[in-house]
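Reader: I am new to this structure. Please take a close look at one part of it, the buried interior, and walk me through it in plain terms.

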Amino acid sequence: MRRGKPNDPGRRSRILQATLDVIRSDGIGAASYRGIAAHAGVPLGSMTYYFPTLEGLILSALDSTRSDLEPRYAAPLREARTPADVVEALVEATIGTTSPSLADIRLYEEIRHYAARNPKVAEVLQAVEDDSLVMLHRVVPNSTALVINALLWGWWSHRLAHPDTALDELAVRQAWEALVALPAPGHPFHEKERNDA
């Protein structure tokens, strides 16, 4: 008699989540079919059914982190109506309610670390960066979006390196205020704000 769930629609997503959990905890180098299967609570044999190669599994799992951007700051930026709203969304994404946990930052750092040596992981990282810039471009010009994206990643890295020292909220807020206030002639969001004033 066959054991387990013959038709388990959640198995693939559990495998992806388990892969991310293993990478968060022990790094990409520690990811193995056996360890991930045990963490996901799925039969070892089912791993290759969903993901024929370990590299493909890891890449799929890393690519799934792109969805983290939606609650992190895509949705708050879509809802922003004023520069003050944009600043608030960025403060929250840096140190507030939508900011990543240290475990998530560790995962993101792992992606960046491996992207330096693996072209396929670099493609995943580039896709995440491109998604981020598209979200930011709604409220600031491309040049400012690049700076905001770089500073956000830098602050997350700082949090990981100094887990016992909280970032100064005033410094974070003032930095975002200065960037969001940069001149943006012709940018739709800023033109609307100027016209509404």
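Author: A residue is called buried when its relative accessible area is under 20%, and exposed when that area is over 50%. By this rule, buried residues make up 42% of the 197 residues in the protein. The model is a predicted one, with a mean pLDDT of 91 and 93% of its residues at 70 or more.

A short outline comes before the interior. The protein has 11 helices and 0 strands, so from the N terminus on every element in the run α-α-α-α-α-α-α-α-α-α-α is a helix, as the definition of the elements covers helices and strands. Its C-alpha atoms fill a box of roughly 70 × 35 × 30 Å along the principal axes. Of the contacts with a separation of 6 or more, 68% join residues 24 or more positions apart.

Now the interior itself. In soluble globular proteins, nonpolar side chains tend to be buried together. The largest nonpolar core here has 31 residues, and those touching the most other members are Tyr 73, Val 86, Leu 136 and Trp 176. At least two residues of this core come from each of α5 (69-79), α6 (83-95), α7 (102-115), α8 (119-137), α9 (142-161) and α10 (169-180). Trp 176 shows how such a member is surrounded: leaving aside neighbours within four places in sequence, Trp 176 is in contact with Val 87, Leu 90, Val 91, Thr 94, Ile 148, Leu 151, Leu 152 and Trp 155. Apart from this core lies another, of 26 residues, with Ile 36, Val 42, Ile 58 and Val 121 among them.

Ile 36 is a place to look at this other core in detail. The residue lies in helix α2 (residues 33-40). Ile 36 counts as buried because its relative accessibility is 0%, and the limit for buried is under 20%. Beyond four places in sequence, the contacts of Ile 36 are Ile 15, Ala 18, Thr 19, Val 22, Ala 31, Met 47, Leu 54 and Leu 57. One of these partners, Ala 18, is 18 residues away from Ile 36 in sequence, with 5.8 Å between the two C-alpha atoms.

Leu 16 is placed in helix α1 (residues 11-26). Its relative accessible area is 11%, so Leu 16 is buried. Outside four places in sequence, Leu 16 touches Phe 51, Leu 57, Ser 60 and Ala 61. Leu 57 is thus a partner of Leu 16 and also of Ile 36. His 162 lies 146 residues from Leu 16 in sequence and 29 Å from it in space, C-alpha to C-alpha.

Polar side chains can be checked in the same way. Ser 132 lies in helix α8. With a relative accessibility of 2%, Ser 132 counts as buried. Not counting residues up to four places away, Ser 132 touches Leu 69, Tyr 73 and Asn 149. Tyr 73 was named above among the core residues that touch the most other members.

For contrast, Asp 164 is found in the loop between α9 and α10. Its relative accessibility is 78%, so Asp 164 counts as exposed. Thr 53 and Asp 164 are 111 residues apart in sequence and 39 Å apart in space, C-alpha to C-alpha.

Two points on the outside complete the picture. The accessible surface comes to about 10,700 Å², with 55% of it belonging to carbon and sulfur atoms. There are 21 positive and 25 negative side chains, and the centres of the two sets lie 10 Å apart.

Confidence varies along the chain. Among the elements, α10 has the highest mean pLDDT, 98, and helix α11 (residues 188-196) the lowest, 70. Over residues 1-6 the pLDDT is below 50, and this stretch has 1 contact in the model beyond near neighbours in sequence.

Terms used
Residues numbered from 1 in each chain as written. Predicted model: local features only at pLDDT ≥ 70, side-chain atom pairs only at ≥ 80, totals over all residues. Heavy atoms only, no water. Helix = DSSP H or I, 4+ residues; strand = E, 2+ residues; numbered from the N terminus. Buried < 20%, exposed > 50% of the residue type's maximum accessible area, 1.4 Å probe, protein only. Contact = heavy atoms within 4.5 Å. Areas by Shrake-Rupley, 256 points an atom, 1.4 Å probe, with all protein chains shown as cover. Lys, Arg positive; Asp, Glu negative; His and termini not counted. Charge placed at Lys NZ, Arg CZ, Asp CG, Glu CD. Core = buried A, V, L, I, M, F, W, Y, C linked by side-chain atoms within 4.5 Å. pLDDT = per-residue confidence, 0-100.
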